Amino acid sequence: MASAVEELQKDLEEVKALLEKTTRKRVRDALTSEKSKIETEIKNKMQQKSQRKAELDNEKPAAVVAPITTGYTVKISNYGWDQSDKFVKIYITLTGVHQVPTENVQVHFTERSFDLLVKNLNGKSYSMIVNNLLKPISVEGSSKKVKTDTVIILCRKKAENTRWDYLTQVEKECKEKE
């Protein structure tokens, strides 16, 4: 009979295989969350195993490494933006973001929105969702860059050489009411 750790490792491999196949953001986020849970569970089981072994050998237990768990999600509301003829650029400052694995920084684009998710940065996740962009963007031409302590989201304008006075439709309506 396979040990609990071996079973968890098989589960982890299957979740990773599903993650590679998924195209839907909500499903990908659920699988990523499940992957983190399984990895934490494997680490905890391995620690318990090594502690039991150390107790049986009457040795001092090895240093216990705290499992990496992501706490809560912080909503990002502080950002800056700029534009060129081809792109609208959104600048988000997150201390230490350049040190997390690149797969932990995810951006999902649609024609009129984007959402950013930075996972496991200093024990927290960070999220920014911008809906109702002022004008449509090219999903394929849009991308992200991770620089020192900064994430830059590059939204490719569908209509080049056009000026955006506001980032979102809501922002435009609010300013016009004033």
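**Contacts, strands and cores in the predicted model**

Leaving aside neighbours within four places in sequence, T110 is in contact with I137 and V139. The model is a predicted one, and T110 offers a convenient way into it. This threonine is found in strand β4. In sequence, T110 and I137 are 27 residues apart, yet their C-alpha atoms are 7.6 Å apart in space. The side chain of T110 also makes a polar contact, at 2.5 Å, with the side chain of S113. With a relative accessible area of 31%, T110 is partly exposed, because this value lies between the 20% limit for buried residues and the 50% limit for exposed ones.

A second threonine, T150, can be described in the same terms. T150 lies in strand β8. Its relative accessible area is 17%, so T150 counts as buried, the limit being under 20%. Not counting residues up to four places away in sequence, T150 touches I92, T93, L94, V97 and K145.

The strand that holds T150 deserves a wider look. Seven of the eight residues of β8 are buried, so this strand is largely enclosed by the rest of the structure. On one hand, β8 is joined to β3 by seven bridges, and these two strands run antiparallel; here Y91 stands opposite I152 of β8. On the other hand, β8 pairs with β7, which spans residues 137–147, in the antiparallel sense over seven bridges. In this pairing, K144 has I153 of β8 as its bridge partner. The strands β7 and β8 form a hairpin with two residues between them, and in the turn D149 has a positive phi of about 60 degrees.

Attention now turns to the nonpolar interior. In soluble globular proteins, nonpolar side chains tend to be buried together. The largest nonpolar core of this model has 24 residues, of which I90, L94, F114, L116 and I153 touch the most other members. At least two residues of this core come from each of β3 (87–93), β4 (105–110), β5 (113–121), β6 (124–130) and β8 (150–157). The greatest share is given by β5, with four residues.

The surroundings of I90 show how such a core residue is placed. Beyond its neighbours within four places in sequence, I90 is in contact with Y79, G80, W81, F114, M128, V151, I152, I153, C155 and L167. A second core, separate from the largest one, consists of eight residues, including L8, V15, L19 and I38.

Terms used. Residues numbered from 1 in each chain as written. Predicted model: local features only at pLDDT ≥ 70, side-chain atom pairs only at ≥ 80, totals over all residues. Heavy atoms only, no water. Core = buried A, V, L, I, M, F, W, Y, C linked by side-chain atoms within 4.5 Å. Buried < 20%, exposed > 50% of the residue type's maximum accessible area, 1.4 Å probe, protein only. Contact = heavy atoms within 4.5 Å. Polar contact = N/O pair within 3.5 Å; in protein donor to acceptor, adjacent residues only side chain to side chain. Pairing = 2+ DSSP bridges.
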